[in-house]
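Subject: Structure handover and notes

Dear colleague,

I am passing on the structure below, followed by an account of what turned up in it. Please read the notes with the coordinates open beside you.

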Amino acid sequence: MNQRGVSAESLLREKGLRVTAQRRMVLQYLLDHEGSHFTADQVRDALLPLLPELAKGTMYKTLQDLTAVNIVELLPTPQGYALYGLRLKPHQHFYCVACHGWFDVQPNNVEALTFDAPGFVIETVDVTLRGLCPACAKQNTLSTAARAEHKAF
Ligand SMILES: [Zn+2]
Ligand SMILES: [Zn+2]
């Protein structure tokens with residue numbers, strides 16, 4: 001159970017997936033870290049002490065199963081690796097170009113996006129905003145200020 005009172009087991013049942021130890025533990029890990037995004041290897045490394053027999057292939061298959069029923073999302077990154085995160089509530093992403101962090105965000109009016117091209121049917125809208133996260137933006141301001149100060153002398 002996490003703070004939202006959702007158990008991995010009930011979610012799997014709700015989505016019609018057979019409850020296996022792998023699925024339950026992978027989903028529980030993502031539930032416990034809602035808002036964070038991980039590579040398959042990161043999830044596997046975290047779960048290895050609990051599930052020593054968790055093979056790489058099983059890990060990918062488990063994440064695929066969870067992605068297929070839309071409780072987990074797959075983010076393709078500019079670096080070429082895939083990140084997985086929880087997708088229980090609709091959200092978009094903010095990508096920090098400095099620390100490469102991914103943040104779940106809720107931009108306004110995303111559902112109002114339209115475009116003029118006949119024949120297309122929109123099913124989902126995935127928006128990625130890029131820029132600096134609060135921590136990196138702060139550092140950036142600090143280093144700009146430091147540079148300015150340096151120049152002054
Ligand atoms: Zn950042
Ligand atoms: Zn996300």
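To begin with one residue, Asp65 has a relative accessibility of 14% and therefore counts as buried, the limit for that class being under 20%. Please keep in mind throughout that this is a predicted model.

**Salt bridges**

The side chain of Asp65 meets that of Arg23 in a salt bridge, with 2.9 Å from N to O. Arg23 counts as buried too, at 14% relative accessibility. This pair links distant parts of the chain, since Arg23 belongs to helix 2 (residues 21-32) and Asp65 to helix 4 (residues 56-68), 42 residues apart. A search of the whole structure finds 7 salt bridges.

Another of these pairs is formed by Asp41 and Lys56, whose closest N and O atoms are 3.6 Å apart. Asp41 lies in helix 3 (residues 40-47) and Lys56 in helix 4, so the pair ties together parts that are 15 residues apart in sequence. As for their surroundings, Asp41 is partly exposed, with a relative accessible area of 30%, and Lys56 is likewise partly exposed, with a relative accessible area of 45%.

A further salt bridge joins the side chains of Asp126 and Arg87, at 3.8 Å from N to O. Here Asp126 sits in the loop between strand 5 (102-105) and strand 6 (128-131), while Arg87 sits in the loop between strand 3 and strand 4 (92-96), and the two residues are 39 residues apart. Asp126 counts as exposed at 61% relative accessibility, whereas Arg87, at 23%, counts as partly exposed. Elsewhere, salt bridges that share partners join Arg23, Lys61 and Asp65 into one network.

**The two domains**

The protein chain is divided into domain 1 (1-89) and domain 2 (90-153), and the centres of these domains, taken over C-alpha atoms, are separated by 25 Å. Their contact takes 13 residues from domain 1 and 11 residues from domain 2. Between them the domains bury about 920 Å², and 51% of that area is on carbon and sulfur atoms.

For the polar side of this contact, the count between domain 1 and domain 2 is 9 residue pairs in polar contact, both residues being at pLDDT 80 or more. On the side of domain 1 that touches domain 2, the elements giving two or more residues are strand 2 and strand 3 (82-86), and the largest share, 3 residues, comes from strand 2. The count of salt bridges between the two domains is 1.

**The zinc site**

The zinc ion (ligand 2) has as its protein donors His37 (NE2), Glu73 (OE), His91 (NE2), His93 (NE2) and Asp104 (OD), which lie 1.9 to 2.2 Å from the ion. Along the chain, the donors follow the spacing H-x35-E-x17-H-x1-H-x10-D. His37 lies in strand 1 (residues 37-38) and Glu73 in strand 2 (residues 72-76), so this pair ties together parts that are 36 residues apart in sequence.

How accessible are these two donors, buried or exposed? His37 counts as buried, at 10% relative accessibility, and Glu73 counts as buried at 3%.

With best regards

Conventions. Residues are numbered from 1 along each chain as its sequence is written. Chains are lettered from A and ligands numbered from 1 in the order in which they are written. This is a predicted model: local features need pLDDT of at least 70, side-chain atom pairs count only at pLDDT 80 or more; totals for chains, interfaces and linings use all residues. Side-chain values use heavy atoms; hydrogens and water are left out. Donors are N, O and S atoms within 2.8 Å of the metal (3.2 Å for Na, K and Ca); water is not among the atoms, so sites may look incomplete. Helices (H or I, at least four residues) and strands (E, at least two) are DSSP runs, numbered from the N terminus. Buried means under 20% relative accessible area, exposed over 50%, partly exposed in between (1.4 Å probe, protein chains only). Domain bounds come from an automatic or database domain assignment. Contact means heavy atoms within 4.5 Å. Buried area is the accessible area (1.4 Å probe) that two parts lose on being put together, summed over both. A salt bridge is a side-chain nitrogen of Lys or Arg within 4 Å of a carboxyl oxygen of Asp or Glu. A polar contact is a pair of N or O atoms within 3.5 Å; within protein, one must be able to donate a hydrogen and the other to accept it, and residues adjacent in sequence count only if both atoms are side-chain atoms.
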